[in-house]
Amino acid sequence: MGDPERVLARFTGERAGSAPLTWGQAAIWKAVESVAPDDHWLNVRRVIVVPGRRAVRIPELRTAVGRLVTRHEALRTLIQPAGAGPVQVVVPAGQLEIAMVEVDVDVDPGATPRRLIELNDSVCAPPVLADATDAMLCRLAGERFDYATAWPLRVGAVVDGPSGLVRHVVLVFSHVAVDWHAAEQVVRDLRMLLARGVLPTRDALRPLELAAREQTAGRRTERAVAHWLRAYQRIPTEPFPLTLPAAQPRYRQAILTSPALRTAVPLVAARHAMSTSTVLLAATAAVIGAATGHGACGLLTIVSNRFQAGHGSVIAPMNQLALIALDLAGVGLDDPACLDTLVPVAWRAALEAYQHGYYDQVALDLALAGAGHDPGDGTVAPFCCFNDLRADGDRALPAGLAEPLPVADRSRLRLALRDTTVDWLSMASFNWRFYLEVRSAPGALGLVLTADTMAMPPERLERLLRQLELLVVESALRG
């Protein structure tokens, strides 16, 4: 493997300008400030596999990246301090460094291909190529962005040395520049540039225009503030109080990978003609209620505001927190119909929260602080978050799919529980006490629970995840 080299991609945009942060940018900026200097975990990572038939070499990649940054103002936007708060500053021209490493892809032709650690293309790679790409990805994603002076995009190329062909392109974005949806649009654009050299004309709303539009949407924020304040009256203020000595590192992450959930969740969702995300939201509320003993549960979730008019193709973060207040009175894990009761309740509560999940972040924070709902430490009461990262999690399933499981399939589903695995990671800093992510996994569904050890010991994390898994599986078997 050769030593990393760098090449420069030059870009020249149509304009410069500055504006306040968009509401989505401000939401991410708040998260950045709450975990800095460990905010690198917010970085958005992507890997592009370049088919060998395209014959992409470094000059073609350099040109494509320059055209990509020219097209998307978000990729040449800096976040700089100002008197009234940070502003976004679009820079018209510059150059972006591309990190490059060379490998000999055919050095071990008999080796078993290996899946990359972070790959949105569903393929495996020769070990030497996968290792080089993993190392490049970890290096580029493992450092925080200098938001005021550095471009919000890092690019790396893994090149087959003998042929000079670019095999993988690594992209690492600042989350203040893109959300997951915007990152996918940028990836598609780069693929098209590598394949054709041009992009079709697209008249998309840009962050500067979006910021100007949001300055006139005060009524929307007023309605959102009213919703949040009503919700806070219904939920416990401290579902997971900080009463335990902190472990070192303080935050632990349990990663449950469950083949059984991959089968069970769609069955429950189809029975209710709901999305799989709604089922998992309801199950999360149930296990929180059982763990805390409260008759209500407050859950924050990440809502994409791309359903708003004109927001579908904006290259910028469009996600904000929405507050879901769920009534759990009379519902317990010992009730076989627990999930059937909670799924429609969760759907109605989530729908109301989504309707009020687009707002001026600064104005909401001021209103919540004035009402005594600001913990003052960068966290957000009620301290619990549910975040479904799957692309299809919000898609409702038709009730016609909810056929009773044959006896053989029921047995296989129960046996699949034996294949569940739990892995562990640690984090020195985090801004939640309970943060559950839903992820796709090969042949399975992934649940990733990150928690503050001052609120719950590590063994409790695993117990909660296994309770959630069993709750959904038993509900599927009941159908």
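Visitor: How do the residues lining the second largest pocket divide into nonpolar, polar and charged?
Guide: In this predicted model, the lining splits into eleven nonpolar, eight polar and six charged residues.

Visitor: Okay, and which residues lie nearest the centre of that pocket?
Guide: Leu21, Ala26, Gly85, Pro86 and Val362 do, out of 25 residues that line the pocket.

Visitor: How much space lies in there?
Guide: About 560 Å³.

Visitor: Which helix gives the most to the lining?
Guide: That's α1, with six residues. Helix α1 covers 23–35, and α10 (361–370) also supplies at least two lining residues.

Visitor: How do people find empty space like that, anyway?
Guide: Rolling a probe the size of a water molecule over the atoms shows where there's empty space left.

Visitor: New topic: the sheet. How many strands form it, and in what order?
Guide: Seven strands, going β13-β12-β14-β16-β17-β11-β15. The sheet is open, and its pairing is mixed.

Visitor: Why do β13 and β15 each have one side without a neighbour in the sheet?
Guide: Because β13 (319–327) and β15 (421–427) stand at the edges, each has a single partner strand, and one side is left without a neighbour. As for the twist, neighbouring strands are turned by 25 degrees against each other on average, if you ignore direction.

Visitor: Back to β13. How does β12 run against it, parallel or antiparallel?
Guide: Antiparallel, with nine bridges joining β12 (residues 296–304) to β13. You can spot Ile302 opposite Leu321, and Thr301 opposite Ala322.

Visitor: Which helix packs on the sheet there, touching β12 and β13?
Guide: Helix α6 (residues 218–232) does, and its direction makes about 35 degrees with that of β13. Strand β13 is mostly covered, with eight of its nine residues buried.

Visitor: And what does α12 touch on the sheet?
Guide: Helix α12 touches β11, β15, β16 (434–441) and β17. Its direction makes about 30 degrees with that of β11.

Visitor: Last one: which residues of α7 are buried?
Guide: Helix α7 spans residues 259–272, and its buried ones are Ala260, Leu261, Ala264, Val265, Leu267, Val268, Ala269 and Ala270.

Visitor: What covers them?
Guide: Several elements, including strands β11 (251–258) and β17 (444–452), plus helices α8 (276–292), α9 (338–355), α11 (407–416) and α12 (458–478).

Visitor: And which residue just after α7 takes a positive phi?
Guide: Ala273, at about 55 degrees.

Note on methods: Residues are numbered from 1 along each chain as its sequence is written. This is a predicted model: local features need pLDDT of at least 70, side-chain atom pairs count only at pLDDT 80 or more; totals for chains, interfaces and linings use all residues. Side-chain values use heavy atoms; hydrogens and water are left out. Buried means under 20% relative accessible area, exposed over 50%, partly exposed in between (1.4 Å probe, protein chains only). Helices (H or I, at least four residues) and strands (E, at least two) are DSSP runs, numbered from the N terminus. Contact means heavy atoms within 4.5 Å. On a 1 Å grid over the protein atoms alone, a cavity is a set of points where a 1.4 Å probe fits but cannot get out, and a pocket is an open set with protein on both sides within 12 Å along at least five of seven lines; lining residues have an atom within 4 Å of a point. Grid points are joined across faces, edges and corners, and a volume is the space filled by probe spheres set on the points. Ala, Val, Leu, Ile, Met, Phe, Trp, Tyr, Cys and Pro count as nonpolar, Asp, Glu, Lys and Arg as charged, and the others, Gly among them, as polar. Two strands pair if DSSP finds at least two bridges between them. Axes are lines fitted to C-alpha atoms, for helices over the stretch in contact, and angles run from 0 to 180 degrees between N-to-C directions.
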